[in-house]
Each structure stands twice: as C-alpha cells, then as structure tokens.
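Please open the model in a viewer and keep the selection panel at hand. The tour proceeds by selections, each followed by a description of what is found there.

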Amino acid sequence: MSKIIAVTSGKGGTGKSSISACLGYALAKQGNRTLIIELDFGLRCMDIMLGMQGNITYDLGDVLEGTCDVYKATTTVKLASNLSVLCAPSDPFVQLKAEDIEKITREMRKYFEYIIIDTSAGINGSVFDIVTNSDLILIVTTPDPVCVRDAQMMSDEFYKRGNQKQRLVINKASKRIFEFEDMDDLDAIIDTVGVQLLGVIPEDSAIPLATGKGAPLSSSSMGFVAFSAISRRIKGEHIPIQIKM
C-alpha cells in the first residue's frame with residue numbers, strides 16, 4: 001500500500017519545497033517509486049529544484065482544466081528514474097479543491113509507493129482540507145521563533161480536527177541560530193510545537209546549491225545524511241536521531 005506524505009508549514013521560507021524535493025530524491029534513490037505533487041500555485045519551483053526546467057509540457061493546471069489526464073501531466077525526473085513530479089500551474093488563480101487532490105492521489109497510489117504533497121505555505125482552510133487523507137503530515141519549521149509559533153498553531157489545528165498523524169522536521173538548524181534566536185535548544189522547539197520529532201536538517205550550503213541547480217545532493221554532505229535518515233524512518237527503520245550542527 002502506498003503512503004501519502006503531506007509536507008506543510010505555518011509560514012513561508014521554512015524550506016518546505018526543498019525538503020519535498022530532497023526527500024523525494026532520497027526515497028527514489030533507495031529504490032522506491034516516488035511522486036511529488038506540487039501545490040504552491042503561482043510560485044512553481046519544483047521543476048527547477050529537480051533539474052526539469054524547460055522539460056515540463058503539462059502540469060496540474062492542465063489536469064484540473066481537463067486539457068490532459070494526470071498520467072500525461074506526470075513527468076519522470078532525470079535525477080532518478082524512480083522519481084516523478086506533477087508540477088503546480090504557474091497561474092495562481094487556478095481553482096483547486098480537496099476532492100481534486102484526493103482523486104489524483106487515489107489514482108496514483110496504483111503506481112507509486114510514496115506520494116509527497118508539497119502544500120502551499122501558511123495556515124488556511126484549504127491546506128487542512130487537502131491533507132486530511134494523508135498518511136503522514138510533516139510540519140516543517142526553522143528555529144526562528146515566528147516559524148515555531150506558526151508551526152504550533154498549525155499543529156494545534158490538526159489536533160482539533162482529530163489528525164494525529166503529524167511529525168516535526170526542524171530545518172536550517174545551526175549553533176549560530178541558537179546563539180541569536182530566542183530558543184534555548186531543539187527540545188524547546190519540540191515542546192513548543194507539541195509534535196514528535198522525525199528529523200533535523202542542518203544548515204548546509206550544499207542544499208540550496210543543489211536545488212538551485214537541479215542537481216543531486218552530494219552523498220558526503222550533512223544534508224544528504226539527514227534526508228537519508230528521515231526517509232528511512234518514514235519507511236519504518238529504526239534510525240537514531242543524531243544531530244550535527
């Protein structure tokens with residue numbers, strides 16, 4: 001049975017899309033058929049992050065408008081033969097309903113072991129409706145106090161709606177951050193958000209360099225090690241959380 005993973009955040013700028021791209025790549029390189037569905041309408045970037053700029057013929061907008069079916073709009077990524085992407089439309093005004101995503105994911109479960117939904121950022125009703133049927137929700141935050149508070153608000157809303165399938169990913173963690181921000185340590189972030197930690201991604205210049213060029217992360221980078229560990233935890237492996245900053 002395939003697994004639907006929604007990647008979301010209470011605030012923009014947390015690195016949600018980079019995490020979706022790198023996590024999808026990690027799962028694919030481990031031999032899992034993986035699909036990334038991008039929902040950040042008007043702010044499409046997944047084609048660039050996955051090295052597919054200029055190679056996307058159809059996108060989610062075409063599917064919603066009935067121009068083509070979801071199979072035709074799904075593109076195999078050159079970085080990994082097991083990885084595919086369904087890009088968001090460049091038009092920010094395309095109408096999307098939760099039922100549309102439910103229908104698409106239900107159909108694509110037949111062909112992919114993991115479906116990653118890169119949601120739009122921010123706390124709004126559409127995000128909560130869209131991720132309702134996800135098997136796992138990854139709430140992304142950085143150590144920034146504003147991001148942490150927004151992550152807490154988002155998590156609280158999920159709990160109010162009865163959704164317990166949440167895990168926390170802390171991105172851009174570094175010793176330097178904790179020296180200047182009003183957060184004592186990672187435990188303080190976990191306690192504030194109130195969600196079980198899945199993984200910590202260190203501040204690593206290799207990540208924006210790779211996603212900016214549409215290139216794979218170097219296997220020697222701290223980011224690669226972090227994403228590899230997170231993907232294995234998602235698959236049920238017992239991988240201790242080792243934090244290097």
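The stops below treat confidence, the sheet, two of its strand pairings, a loop and an aromatic pair.

**Confidence**

Begin by colouring the chain by pLDDT, as this is a predicted model. The mean over the protein is 90, and 93% of the residues score at least 70. Select strand 4 (residues 83–86), where confidence is highest at 98, and then helix 8 (residues 175–180), where it is lowest at a mean of 61. Where pLDDT is low, the predicted coordinates should not be read in detail.

**The sheet as a whole**

Next, display the strands alone. They include an open sheet of eight strands in the order 3-4-2-5-1-6-7-8, and the pairing is mixed. Which strands stand at the edges? Select strand 3 (75–76) and strand 8: each has a single partner strand, so one side of each lacks a neighbour in the sheet. Strands of a sheet pair through backbone hydrogen bonds, either parallel or antiparallel.

**Strand 2 and strand 5**

Select strand 2 (residues 34–38) together with strand 5. Five bridges connect them in the parallel sense. For a point of reference, label Ile37, which is opposite Ile117 of strand 5.

**Strand 7 and its partners**

Now move to strand 7 (residues 166–173). Is this strand largely enclosed or left open? Six of its eight residues are buried, so strand 7 is largely enclosed by the rest of the structure. Add strand 6 (residues 136–141), which runs parallel to strand 7 and is joined to it by five bridges. Within this pairing, Ile139 has Leu168 of strand 7 as its bridge partner. To follow the connection, show helix 7 (residues 145–160): the chain passes from strand 6 through this helix to strand 7 in a right-handed β-α-β crossover.

Add strand 8 (residues 197–202) to the selection. Strand 8 pairs with strand 7 in the parallel sense over four bridges. Leu168 appears again at this pairing, standing opposite Leu197 of strand 8.

Before leaving strand 7, select Lys172, which lies in this strand. Its phi is near 60°, a positive value in a residue other than glycine. Lys172 has a relative accessible area of 34% and is therefore partly exposed.

**Arg109 and its surroundings**

Select Arg109, placed in the loop between helix 5 and strand 5. Which residues does Arg109 contact, apart from its neighbours within four places in sequence? They are Met1, Ser2, Lys3, Ile4, Ile115, Asn133 and Asp135. With Asp135 there is a polar contact between the two side chains, at 3.1 Å. For a distance across the model, pick the C-alpha atoms of Arg109 and Asp59: they are 18 Å apart, with the two positions 50 residues apart along the chain.

**The aromatic pair**

Finally, select Tyr71 and Tyr111, whose rings lie with their centres 5.6 Å apart and their planes at 85°, so the pair is edge-to-face. The structure holds one aromatic pair. The pair links distant parts of the chain, 40 residues apart: Tyr71 belongs to helix 4 (residues 70–73), while Tyr111 sits in the loop between helix 5 (98–108) and strand 5 (114–118). Are these two residues buried or exposed? Tyr71 is partly exposed, with a relative accessible area of 36%, and Tyr111 is also partly exposed, at 41% relative accessibility.

Terms used
Residues are numbered from 1 along each chain as its sequence is written. This is a predicted model: local features need pLDDT of at least 70, side-chain atom pairs count only at pLDDT 80 or more; totals for chains, interfaces and linings use all residues. Side-chain values use heavy atoms; hydrogens and water are left out. Rings of Phe, Tyr and Trp (its six-membered ring) pair if their centres lie within 6.5 Å; planes under 30 degrees apart count as stacked, over 60 as edge-to-face and the rest as tilted. Helices (H or I, at least four residues) and strands (E, at least two) are DSSP runs, numbered from the N terminus. Buried means under 20% relative accessible area, exposed over 50%, partly exposed in between (1.4 Å probe, protein chains only). pLDDT is the predictor's confidence in each residue, from 0 to 100. Two strands pair if DSSP finds at least two bridges between them. A crossover is right-handed if, with the strands pointing away from the viewer, the path from the first strand over the helix to the second runs clockwise. Contact means heavy atoms within 4.5 Å. A polar contact is a pair of N or O atoms within 3.5 Å; within protein, one must be able to donate a hydrogen and the other to accept it, and residues adjacent in sequence count only if both atoms are side-chain atoms.
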